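Reader: I'd like a close look at one part of this model. Please pick a turn, then follow it outwards to whatever it connects with.

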Amino acid sequence: MQTQVISKKSVTNTVTTDSINIKLPDSSIVLVDIAPEEVQEIIVNDNQVVIKLKNGETLTIENFKAESSDLVFRAN
């Protein structure tokens with residue numbers, strides 16, 4: 001699963017990764033290339049978001065501040 005992280009402070013600061021562990025440097029838009037119907041569960045624990053997929057994969061996002069960051073799912 002590919003994920004794109006776009007910094008809200010500097011739109012030109014964009015990172016695309018296949019990593020299953022992402023640490024956000026600041027307020028960001030996180031674009032996850034999966035369809036919403038593939039998501040089994042989303043667990044939010046303080047500033048950590050864990051996305052569990054129906055196929056068994058897990059994506060962990062650290063330093064995710066709900067008041068200043070966005071999580072977007074987009075189908076391929």
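Author: First, a bit of vocabulary: "buried" means a relative accessible area under 20%, "exposed" means over 50%, and "partly exposed" is in between, using a 1.4 Å probe and protein chains only. One caveat before we go in: this is a predicted model, so local features need a pLDDT of at least 70 and side-chain atom pairs count only at 80 or more, while totals for chains, interfaces and linings use all residues. Numbering starts from 1 along each chain as its sequence is written, and side-chain values use heavy atoms, with hydrogens and water left out.

Let's start at D46. With 70% relative accessibility, D46 counts as exposed, and this residue sits in the loop between β5 and β6 (48–53). Strands here are DSSP E runs of at least two residues, numbered from the N terminus. The two strands form a hairpin with two residues between them, and D46 in the turn has a positive phi of about 55°. Also worth noting is F64: its C-alpha is 8.5 Å from that of D46, although the two residues are 18 apart in sequence.

Now move down the hairpin. β5 and β6 run antiparallel and are joined by six bridges; to count as a pair, two strands need at least two bridges found by DSSP. One of the residue-level matches is V44, whose bridge partner in β6 is V49.

Zoom out and the hairpin turns out to be one end of something wider: an open sheet of four strands in the order β3-β7-β6-β5, with mixed pairing. β3 (21–23) and β5 are the edge strands, each pairing on one side only. At the β3 end, that strand pairs with β7 in the parallel sense over three bridges, and I22 has I61 as its bridge partner in β7.

T60 is a handy place to stand inside this sheet. The residue belongs to strand β7 (residues 58–62) and is buried, at 12% relative accessible area. Beyond residues up to four places away in sequence, T60 touches I20, N21 and I22, along with Q48, V49 and V50, where a contact means heavy atoms within 4.5 Å. Notice V49 in that list: it is the V49 that bridges to V44, which takes us straight back to the hairpin. T60 also has a C-alpha separation of 9.2 Å from S19, a residue 41 places away along the chain.

What about the greasy side of things? The largest nonpolar core has 13 residues, and those with the most contacts inside it are L24, V30, I51, L59, I61 and F64. (A nonpolar core is a set of buried Ala, Val, Leu, Ile, Met, Phe, Trp, Tyr and Cys residues joined through side-chain atoms within 4.5 Å.) β4, β6 and β7 are the elements that give two or more residues to this core, and β6 supplies the largest share, with three. So the hairpin has a stake here through β6, and two residues we've already met, I61 and F64, are on the list of those with the most contacts. L24 is in contact with both: leaving aside neighbours within four places in sequence, its contacts are V5, V30, I61, E62, N63, F64 and S69.

Last stop, the charged pairs. A search of the whole structure finds two salt bridges, meaning a side-chain nitrogen of Lys or Arg within 4 Å of a carboxyl oxygen of Asp or Glu. In one of them K8 pairs with D70, with the closest N and O atoms 2.7 Å apart. K8 lies in the loop between β1 (3–7) and β2 (14–17), while D70 is in strand β8 (residues 70–73), so this pair ties together parts that are 62 residues apart in sequence. K8 is partly exposed at 39%, and D70 is partly exposed too, at 34%.

Then there is R74 with D33, where the closest N and O atoms are 2.4 Å apart. R74 is in the segment after β8 and D33 is in the loop between β4 and β5, so the link spans parts 41 residues apart in sequence. That loop runs between β4 (28–32) and β5 (39–45), which brings us round to one of the hairpin's own strands. D33 is buried at 15%, whereas R74 counts as partly exposed at 31%. R74 also turns up on the contact list of Q4, together with T14, V15, T16, I29, V30 and L31, again setting aside residues up to four places away in sequence. Q4 itself lies in strand β1.
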